[in-house]
Amino acid sequence: MDLTRSPLALSFPDMPSIDGVTLRIARARYKEWDRCDLTFAELAEGTSVAGVFTKNVCCSSEVELGREQVKGGAARALIVNAGNSNAFTGYRGREAVEQIMGQVAQHLGCATDEVFVSSTGVIGVPLPKDKARAGVEAVLNAQPCSWKDATDTIGTTDTFAKGAHASAMIGDTRVEIAGIVKGSGMIAPDMATMLGYIFTDAAVSPAFLQECLSTANRQTFSCITVDSDTSTSDTVLAFATGKAGNAQLTSVDDPGADAFMAALHDVCRQLAHAVVRDGEGAQKFIAVHVSGAVSDESARTIGLAIANSPLVKTAIAGGDANWGRVVMAVGKAGEPANRDTLSIGFGGHWAAREGQPVEDYDEAPVAAHLAGDNIDIAVDLGIGDGRASVWTCDLTHGYIDINADYRS
């Protein structure tokens, strides 16, 4: 599959190393391609872990096991394969994952449930045990690699590597947070929407790390959509090695907890936006801002109805300021709304206010805005104080081309 770099692509940032994290890559050859497809992160003893996972009921064994493993709160390794999602593969898929966990655990001298496994790629093909064994052996003995190398390796239909970082002060201690993500299609916010991994040298208890990640997820990864399809393998994991030496964070009341939470949210937001910018066939990045709803959750639901509408997304792709399609999407969301208080705008220009077209509405500045590659849609329901922002991309023929050829 020949993938052209997204016109919305971002440059990979300079990211600091995280004390207690060592990255390696290798070739397991799960797919017929000339590239590395196995990423391994070795984590220091005492590393805390938290995670959020897909709600898709046809999820992979990796997701089923991961949900149970995070309850233990400890991690020593992460291993990610690209090219085979190992989903809908029954006991054979689970045996392959357990084999990988056991092989890595034996190498590190740790418990098997401290080894986290993720897979991404084609659904319905069991992960070959022989390739898995050889791939793990190769990656365990590989030389350390960069964030960029690790990120390239976890990609499938991604057209650019996606990373983000931020720092925070916890008392007198500076802590670093670095994250990588893969995702381009099968992106819908039913928890996370892709594979994402966040690493920090901060000392954070597992329970508080889970609280921080879940909060950040609700406002970032769970507010993006490319195509309304929720993957069988969606996983976001956060690892805290504790190597920075700060007083361990255990609650929001601890000094520096607010700074850490803000930095984690920033990393998650950057990664979520990068996924949308690499949406399959995307030409435009779309932000939908909803205000005046009865609650924040209602605003989010309405925003997603707009962001998932093929009619809205194709109108944006064509530069058509058809605000009637936004009206339609608001109305179908199943949330409280009043057509007589509804206002809709594009790029800072209102097309309709309080249920009526704006008098002497000039479509020219709106058309100029829609000709760009960063689009803002504003919706004010006028019935409450709830607000939310969601992010999506336009829908072009490129999406069809990529997915029609996905298994080739």
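Leaving aside its neighbours within four places in sequence, which residues is Ala-388 in contact with? Let's track them down in this predicted model.

## Ala-388 and its surroundings

The contacts of Ala-388 beyond those sequence neighbours are Val-288, His-289, Val-290, Asp-296, Ala-299 and Arg-300. Ala-388 itself sits in strand 14. With a relative accessible area of 17%, Ala-388 counts as buried, because the cut-off for that word is under 20%.

Here's a nice example of how folding brings residues together. Gly-303 and Ala-388 are 85 residues apart in sequence, yet their C-alpha atoms are 7.3 Å apart in space.

## The six-stranded sheet

Now zoom out to the sheet. Strands of a sheet pair through backbone hydrogen bonds, and that pairing is either parallel or antiparallel. Here, six strands make an open sheet with mixed pairing, and their order is 12-11-10-13-9-14. Strand 12 (356-357) and strand 14 (386-393) are the edge strands; each has a single partner strand, so one side of each has no neighbour in the sheet.

Let's walk inwards from strand 14. Strand 9 (residues 285-293) pairs with strand 14 in the antiparallel sense, over seven bridges. Strand 9 is also joined to strand 13 by seven bridges, but these two run parallel. Ile-286 is a handy landmark for both pairings: its bridge partner in strand 14 is Thr-392, and in strand 13 it stands opposite Ile-375. Moving on, strand 13 and strand 10 (residues 343-346) run antiparallel and are joined by four bridges. In that pairing, Gly-345 has Ala-378 of strand 13 as its bridge partner.

## Two faces of strand 13

In a regular strand, side chains alternate between the two faces of the sheet. You can follow this pattern along strand 13: Ile-375, Ile-377 and Val-379 point to one face and are buried. Asn-374, Asp-376, Ala-378 and Asp-380 point to the other face and are not buried.

## Helices on the sheet

Which strands does helix 6 (residues 257-277) touch as it packs on the sheet? They are strand 9, strand 13 (374-380) and strand 14, and the direction of helix 6 makes about 45° with that of strand 14.

Helix 7 (residues 296-307) also lies across strand 9, strand 13 and strand 14. Helix 7 runs at about 25° to strand 14.

## Helices packing on helices

Two packed helices can be described by the angle between their axes and the distance between the axes. Try that on helix 2 (residues 90-108) and helix 3 (residues 129-140): their axes come within 10 Å and cross at roughly 25°. These two helices are therefore roughly parallel to each other, and helix 2 passes helix 3 in a right-handed crossing. Residues in this contact include Ala-96, Ile-100 and Val-104 of helix 2, along with Ala-132, Val-136 and Leu-140 of helix 3. Sorted by class, the contact has six nonpolar, three polar and five charged residues.

Helix 2 has another contact to look at, with helix 1 (residues 61-69). The axes of helix 1 and helix 2 come within 9 Å and cross at roughly 55°, which makes helix 1 oblique to helix 2. Among the residues in contact are Ser-61, Glu-62 and Leu-65 of helix 1, and Gly-90, Gly-93 and Met-101 of helix 2. By class, this contact divides into three nonpolar, four polar and four charged residues.

Technical notes. Residues are numbered from 1 along each chain as its sequence is written. This is a predicted model: local features need pLDDT of at least 70, side-chain atom pairs count only at pLDDT 80 or more; totals for chains, interfaces and linings use all residues. Side-chain values use heavy atoms; hydrogens and water are left out. Axes are lines fitted to C-alpha atoms, for helices over the stretch in contact, and angles run from 0 to 180 degrees between N-to-C directions. Angles under 35 degrees count as roughly parallel, over 145 as roughly antiparallel, 65 to 115 as roughly perpendicular and the rest as oblique. A crossing is left-handed if the near helix is turned anticlockwise from the far one by less than a right angle, and right-handed if clockwise. Contact means heavy atoms within 4.5 Å. Ala, Val, Leu, Ile, Met, Phe, Trp, Tyr, Cys and Pro count as nonpolar, Asp, Glu, Lys and Arg as charged, and the others, Gly among them, as polar. Two strands pair if DSSP finds at least two bridges between them. Buried means under 20% relative accessible area, exposed over 50%, partly exposed in between (1.4 Å probe, protein chains only).
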